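Open the model in your viewer and keep the selection panel at hand. The tour goes from the whole chain down to single residues.

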Amino acid sequence: MSFDLELFEQRRQKLQQIEALGHEAYPHRFAYTHTLEQITAAYSEKTAEELTSEKPSVRICGRMQSIRGHGKAGFADLVQGGQRLQIYVRKDALGDNGFALYRLLDLGDLVGAEGYLFRTKTGELSLHATTVSLLAKAMLPLPEKWHGLQDVEARYRQRYLDLIANPEVRRVFAARSRLVRALREALERRGYMEVETPMMQPMAGGATAHPFRTHHNALNLDLYLRIAPELYLKRLVVGGFDRVYEINRNFRNEGISTQHNPEFTMLEFYQAYSDYNDLMEMTEKLLPEVAEATCGTTTLSYGEHTIDLSRFSRFTLREAIREFWPEESSRPTLEDFSDPQRTGAAIEAWNRLQGEHDRLVIPAGTSQGATLAHLFETVCERKLIQPTLIYEFPVEVSPLAKSKKDEPGWVERFELFVAGMEIANAYSELNDPEEQRRRFELQAALKEKGDREAHVMDEDYIRCLSYGMPPTAGEGIGIDRLVMILTGSRSIRDVILFPLLRPESSPAPAAE
RNA sequence: GGGCCGGUAGCUCAGUUGGUUAGAGCAUCUGCCUUUUAAGCAGAGGGUCCCGGGUUCGAGUCCCGGCCGGCUCACCA
């Protein structure tokens with residue numbers, strides 16, 4: 001018999017002994033009077049004398065995470081909702097039967113206890129138990145209390161153990177929840193309405209990405225999991241919802257990394273009668289607002305950096321390339337960016353400055369705009385640690401954005417970078433249906449040339465724009481990455497409860 | 001997909017140049033202990049060294065292949 005089955009068998013026998021003592025193995029409910037959080041809030045300030053005279057009677061429950069036996073007495077820690085409370089049991093207080101039950105409890109068991117609160121000699125708030133009961137048995141042993149669960153794979157596959165064993169993990173996901181709530185509240189205050197648009201779409205539009213494919217049997221219809229909600233949200237703006245937002249999953253069939261999970265959560269919001277300048281201002285207000293609500297501060301430490309989410313700098317994409325260029329003598333001029341040859345010379349200069357490692361190779365046939373976008377990413381992205389708005393993007397990489405009035409090759413678009421990561425992407429929405437058709441046609445031509453991520457022609461979306469969309473600005477914010485920054489997490493897997501992993505070949509059987 | 005690193009008891013980890021029967025702490029079991037807190041004391045049990053080949057008198061250790069994971073590069077948000 002393997003050791004874990006042996007432990008399982010031991011606990012099964014204890015369960016039988018508990019039932020033989022007349023206790024239910026899996027009772028249906030437990031009427032607690034306080035959560036441990038409420039106990040902490042109400043009694044943590046009380047002195048030993050106050051507690052002795054009050055002798056507050058409470059019934060509590062939680063998971064037993066520590067046992068310290070003392071012969072005919074003992075201490076145990078119950079944990080519930082991230083709070084811990086020590087219970088003190090004595091044979092003379094519990095009686096023979098109750099004490100026998102206590103002796104049959106294991107680490108990890110869910111336990112209820114009734115008694116009165118007091119302080120021990122060492123001053124710790126504790127429950128002097130008069131009754132202890134089993135609420136559910138842990139048939140498998142928990143990870144070790146001191147080191148917690150370290151094995152990264154086990155932490156992701158068995159997140160429940162991670163949450164039990166590692167208190168900071170619980171705090172990360174609590175912060176994530178506060179962030180999403182803060183975003184909803186911030187948007188509702190600004191007059192936005194939350195909506196839900198299709199996750200299964202006949203055409204995967206609104207972004208450049210490989211979609212997942214699926215199939216609906218009854219309609220015999222191939223569908224894609226959405227890569228973005230964008231085109232549906234703008235249909236709602238046409239329909240007269242002037243301010244809409246959606247917080248939901250996007251799916252992209254691409255690589256997995258510390259910054260990419262195949263499904264990830266995006267906030268997208270659209271605001272009619274506004275342009276990208278309005279959203280830049282709003283972004284600069286929104287981020288400190290939600291950071292404050294989530295973390296109580298806008299100053300966050302991330303790796304070796306201290307990031308201030310209340311101070312933003314702004315560069316145009318072209319300025320940023322110049323600003324972060326590593327060498328004065330080869331720094332390109334703004335004029336160089338409108339000339340493919342001179343841009344090519346700048347890329348050669350860049351490659352000369354880098355080792356083998358950071359070389360930028362632009363495939364033949366890449367448009368001037370896409371080339372500049374690549375150059376920007378290579379030169380600047382990882383250096384944008386403090387919040388930075390990069391604005392004005394090439395039209396070739398922005399098929400849904402409205403061109404600048406004076407420069408049709410550039411669009412009114414910005415992206416927010418923090419900690420070297422792209423956090424947000426926003427633009428003045430293109431609402432001229434004829435121009436939108438030309439943009440889709442350009443994308444179709446790219447697709448012909450083998451660009452698998454180019455946008456597809458969406459006739460229904462063009463028809464929708466043809467009914468008239470108000471001037472509108474829209475923005476998407478990557479929630480997972482924002483949570484990473486707010487919680488100091490270095491991997492996106494640490495802010496997603498169940499990140500995608502290859503399935504285990506066969507999980508070890510827990511019973512039988 | 002490429003490169004680098006890792007997988008040893010339920011958990012956290014050692015394991016030397018390839019050499020006796022693979023170790024420690026926690027957890028488990030037995031005994032003692034009625035204010036401890038990483039409780040303590042005495043004892044015991046617990047291993048598919050990720051899987052499959054190979055080299056060798058001998059493999060946790062070396063070689064080859066595979067599985068899973070981490071980091072990183074490429075792609076992307």
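How many helices and strands does chain A have? There are 15 helices and 18 strands in chain A. Keep in mind that this is a predicted model.

**Whole chain**

Start with chain A in full. Its C-alpha atoms fill a box of roughly 90 × 55 × 50 Å along the principal axes. Chain A has 512 residues, and 47% of them count as buried. Now think about contacts between residues at least 6 apart in sequence: 67% of these join residues at least 24 apart.

**Helix α2**

Select residues 36–43, which form helix α2. Which residues of α2 are buried? Show L36, I39 and Y43 as sticks: these are buried. Look down the axis of α2: the buried residues fall within an arc of 55°, so they line one face of the helix. Turn to the face pointing away from that buried side, and you find E37 and A41, both exposed.

Next, display what covers the buried residues of α2. The cover includes helix α3 (48–54). Strands take part as well, including β1 (57–69), β2 (73–80), β3 (83–90), β4 (110–119) and β5 (125–136).

**The loop from α3 to β1**

Select K55, in the loop between α3 and β1. Phi of K55 is near 50°, a positive value in a residue other than glycine. K55 is partly exposed, with a relative accessible area of 46%.

**Strand β1 and Q65**

Move on to Q65, in strand β1. Is Q65 buried or exposed? Neither fully: at a relative accessible area of 24%, Q65 is partly exposed. Leaving out residues up to four places away in sequence, Q65 touches D77, V79, L107, K145 and I164. Add G108 to the view. Q65 and G108 are 43 residues apart along the chain, yet their C-alpha atoms are separated by 5.7 Å.

**The second largest pocket**

Stay with Q65 and turn on the pocket display. The second largest pocket has a volume of about 710 Å³. Its lining has 28 residues, and the closest to the pocket centre are Q65, V79, L142, I164 and A165.

Which element gives the most to this lining? Colour β1: this strand supplies five residues. At least two residues each come from β1, β2, β3, α6 (159–165) and α7 (167–189). By residue type, the lining of the second largest pocket divides into 13 nonpolar, seven polar and eight charged.

**R318 and its partners**

Jump to helix α10, residues 317–323, and select R318. R318 counts as buried, at 11% relative accessibility. What does the side chain of R318 contact at 3.0 Å? The partner in this polar contact is the side chain of E392. Now show E407: its side chain and that of R318 are joined by a polar contact of 2.9 Å. Widen the selection around R318. Beyond residues up to four places away in sequence, R318 touches L334, F337, E392, K404, E407 and W410.

**Last stop: A419**

Finish at A419, in the loop between β16 (410–418) and β17 (421–428). A419 is not a glycine, but its phi is positive, at about 55°. At 15% relative accessibility, A419 counts as buried.

Conventions: Residues are numbered from 1 along each chain as its sequence is written. Chains are lettered from A and ligands numbered from 1 in the order in which they are written. This is a predicted model: local features need pLDDT of at least 70, side-chain atom pairs count only at pLDDT 80 or more; totals for chains, interfaces and linings use all residues. Side-chain values use heavy atoms; hydrogens and water are left out. Buried means under 20% relative accessible area, exposed over 50%, partly exposed in between (1.4 Å probe, protein chains only). Helices (H or I, at least four residues) and strands (E, at least two) are DSSP runs, numbered from the N terminus. The arc is that of the directions from the helix axis to the C-beta atoms. Contact means heavy atoms within 4.5 Å. A polar contact is a pair of N or O atoms within 3.5 Å; within protein, one must be able to donate a hydrogen and the other to accept it, and residues adjacent in sequence count only if both atoms are side-chain atoms. On a 1 Å grid over the protein atoms alone, a cavity is a set of points where a 1.4 Å probe fits but cannot get out, and a pocket is an open set with protein on both sides within 12 Å along at least five of seven lines; lining residues have an atom within 4 Å of a point. Grid points are joined across faces, edges and corners, and a volume is the space filled by probe spheres set on the points. Ala, Val, Leu, Ile, Met, Phe, Trp, Tyr, Cys and Pro count as nonpolar, Asp, Glu, Lys and Arg as charged, and the others, Gly among them, as polar.
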